[in-house]
Structures are given as C-alpha cells and as structure tokens.
Amino acid sequence: MKLCSWNVRGCNDPLKFKEVVDFIKADKIEVMGILEIRIKSQNMGSKIFPNLSVTTNITCHPNGRIWLVWN
C-alpha cells in the first residue's frame with residue numbers, strides 16, 4: 001500500500017491541482033493526506049477526484065485545510 005502526504009499551496013489554480021491528481025495517478029498512491037490546501041468550497045466535490053473517495057475537514061474549517069483521499 002502506498003501512502004503519501006503533501007503540503008500543497010495553490011490548489012485553487014487548476015494547473016496546480018492537476019499536478020496533484022497526476023502525481024496520485026502516476027505513483028499509484030492508494031491513500032494521500034493533502035494539507036494546507038485552502039481550496040474554495042465551490043471548487044470542492046467529487047469532480048476533483050472522480051474515481052477516488054475524499055473526506056475533508058470543511059465542517060471544522062471554512063477552507064478545508066485537510067483532505068484525505070483514498071482508492
């Protein structure tokens with residue numbers, strides 16, 4: 001099982017978020033913690049990771065600073 005965490009800045013930029021998604025796919029990451037994401041709530045949802053499960057702390061922090069993504 002491949003686990004990973006990444007302290008990411010700039011995920012409101014589609015190109016930066018594509019870099020994160022491409023990394024997950026290329027390295028076949030099964031569980032990833034994404035930290036300090038500060039992504040706008042309108043940019044959240046299953047459209048970001050269409051084939052993966054995602055949970056965030058959006059209920060505790062308005063910008064969802066912690067995401068957990070798994071396959």
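**Figure 1. Val20 in helix 1.** Val20 belongs to helix 1 of this predicted model. Val20 is buried, and its relative accessible area is 0%. Leaving aside residues up to four places away in sequence, Val20 touches Trp6, Val8, Cys11, Met32 and Ile34. One of these partners, Ile34, sits 14 residues from Val20 along the chain. The C-alpha atoms of Val20 and Ile34 are separated by 9.2 Å.

**Figure 2. Leu35 in strand 2.** Leu35 is a residue of strand 2. Leu35 is partly exposed, at a relative accessible area of 34%. Not counting residues up to four places away in sequence, the contacts of Leu35 are Trp6, Asn7, Val8, Arg65 and Ile66. Trp6 and Val8 also appear among the residues that Val20 touches. Arg9 lies 26 residues from Leu35 along the chain. Between the C-alpha atoms of Leu35 and Arg9 the separation is 8.7 Å.

**Figure 3. Val54 in strand 3.** Strand 3 holds Val54. The relative accessible area of Val54 is 32%, so this residue counts as partly exposed. Val54 touches Phe49, Trp67, Leu68, Val69 and Trp70, with residues up to four places away in sequence not counted. Val54 and Val31 are 23 residues apart in sequence. From C-alpha to C-alpha, Val54 and Val31 are 9.9 Å apart in space. Strand 3 spans residues 53-56. Among the elements, strand 3 has the lowest confidence, with a mean pLDDT of 85.

**Figure 4. Lys28 in the loop after helix 1.** Lys28 is found between helix 1 (14-26) and strand 2 (31-35). Lys28 is not a glycine, yet its phi is positive, at about 50 degrees. Is the loop residue Lys28 buried or exposed? Lys28 is exposed, because its relative accessible area is 63% and the cut-off for exposed is over 50%.

**Figure 5. The largest pocket.** The largest pocket holds about 210 Å³ of space. Its lining is made up of 13 residues. Closest to the pocket centre are Val21, Ile24, Lys25, Asn51 and Leu52. Which classes of residue form the lining of the largest pocket? Seven lining residues are nonpolar, two are polar and four are charged. Rolling a probe the size of a water molecule over the atoms shows where empty space is left.

**Figure 6. The whole fold, for orientation.** The protein has one helix and four strands. From the N terminus on, the order of elements is β-α-β-β-β. The chain has 71 residues, and 27% of them count as buried. Val20 is one such buried residue, with a relative accessible area of 0%. Take the contacts between residues at least 6 apart in sequence: 58% of them join residues at least 24 apart. The accessible surface comes to about 4,700 Å². Carbon and sulfur atoms account for 55% of that surface.

**Figure 7. Confidence along the chain.** The mean pLDDT of the protein is 82. A value of 70 or more is reached by 86% of its residues. Which element has the highest confidence? Strand 1 (residues 3-7) does, at a mean of 93.

Key:
Residues numbered from 1 in each chain as written. Predicted model: local features only at pLDDT ≥ 70, side-chain atom pairs only at ≥ 80, totals over all residues. Heavy atoms only, no water. Helix = DSSP H or I, 4+ residues; strand = E, 2+ residues; numbered from the N terminus. Buried < 20%, exposed > 50% of the residue type's maximum accessible area, 1.4 Å probe, protein only. Contact = heavy atoms within 4.5 Å. Areas by Shrake-Rupley, 256 points an atom, 1.4 Å probe, with all protein chains shown as cover. 1 Å grid on protein atoms, 1.4 Å probe; cavity = no way out; pocket = protein on both sides within 12 Å on 5 of 7 lines; lining within 4 Å. Points joined across faces, edges and corners; volume = space filled by probe spheres on them. Nonpolar A, V, L, I, M, F, W, Y, C, P; charged D, E, K, R; others polar. pLDDT = per-residue confidence, 0-100.
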